[in-house]
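The following exercises practise reading a protein model step by step. Please examine the sequence and the structure before turning to each solution.

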Amino acid sequence: MAQEQVIVAGGCFWCTEAVMKDVIGVSEVESGYIGGDKPDPTYKEVCTGSTGHAEGVRVTFDSEQITLDQILDVFMGTHDPTQLNRQGNDVGTQYRSAIFPTDDQREAAEEAIARWNEEHPGQSAVTTIETGEWYPAEDYHQEYWEGEGQRNPYCQAVIPPKLMKLRKSFQKYLKADA
């Protein structure tokens with residue numbers, strides 16, 4: 001097993017986590033905060049937009065089952081990378097579209113954004129490439145869709161369409177039980 005990690009932010013981390021958990025080769029998805037200037041922020045602080053952090057997910061995957069490029073294509077294709085500092089009704093810098101690559105992942109991140117732009121003429125991704133320290137979110141945010149999210153009206157409205165997009169556009173990357 002060749003385990004790799006990549007951190008991405010595509011709006012609400014509950015949504016991105018739900019999508020990535022259904023992708024082949026993905027063994028872990030952790031929600032958290034990255035890209036800000038306050039050490040160890042809380043959800044409440046990040047929600048104010050004053051810390052500079054994005055809600056992100058750290059995806060651990062087996063690169064022998066799915067490549068970094070494929071993970072990044074799924075990420076770009078299952079949120080709206082054209083919306084600056086928002087995803088739908090979620091507005092603020094904490095909901096920005098961003099990739100937080102390690103140094104050796106930077107080129108792959110640039111290429112993923114370029115591929116998305118080439119495949120969507122007339123549209124332009126505002127996805128940024130950033131660096132930052134990773135802070136795991138509070139325990140109640142982890143695996144949110146599998147638990148509390150099933151009873152959350154916001155999640156019920158927003159997550160199923162993203163999962164449908166995953167199933168429609170990236171069927172070959174779906175886990176068998178997804």
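**Exercise 1.** Which side chain meets R96 in a salt bridge? Determine also where the two partners lie.

*Solution.* The model is predicted, so local features need pLDDT of at least 70, side-chain atom pairs count only at pLDDT 80 or more, and totals for chains, interfaces and linings use all residues. Residues are numbered from 1 along each chain as its sequence is written, and side-chain values use heavy atoms, with hydrogens and water left out.

Step 1. A salt bridge is defined as a side-chain nitrogen of Lys or Arg within 4 Å of a carboxyl oxygen of Asp or Glu. The partner of R96 is E130, with 2.9 Å from N to O.

Step 2. This pair links distant parts of the chain, 34 residues apart: R96 belongs to the loop between β5 (90-91) and β6 (97-100), and E130 to the loop between β7 (128-129) and β8 (135-136). Helices (H or I, at least four residues) and strands (E, at least two) are DSSP runs, numbered from the N terminus.

Step 3. Both R96 and E130 are buried. Buried means under 20% relative accessible area, exposed over 50%, and partly exposed in between (1.4 Å probe, protein chains only).

**Exercise 2.** How far apart are the closest N and O atoms of E110 and R106? Describe the setting of this pair, then examine E148 and R151.

*Solution.* Step 1. In the salt bridge of E110 with R106, the closest N and O atoms are 3.4 Å apart.

Step 2. E110 and R106 are separated by about one helical turn, because they stand four residues apart in helix α4 (residues 106-119). An α-helix has 3.6 residues a turn, so residues three or four places apart point the same way.

Step 3. With a relative accessible area of 40%, E110 is partly exposed; R106, at 38%, is partly exposed as well.

Step 4. E148 and R151 also form a salt bridge, at 3.1 Å between the closest N and O atoms. Here E148 is partly exposed at 39%, whereas R151 is exposed at 59%.

Step 5. In total, the structure holds eight salt bridges.

**Exercise 3.** How many residues of helix α3 are buried? Place the result within the whole chain.

*Solution.* Step 1. Seven of the ten residues of α3 (residues 68-77) are buried, so this helix is largely enclosed by the rest of the structure. Among the buried residues are L68, I71 and F75.

Step 2. The chain has five helices and eight strands. Of its 178 residues, 48% count as buried.
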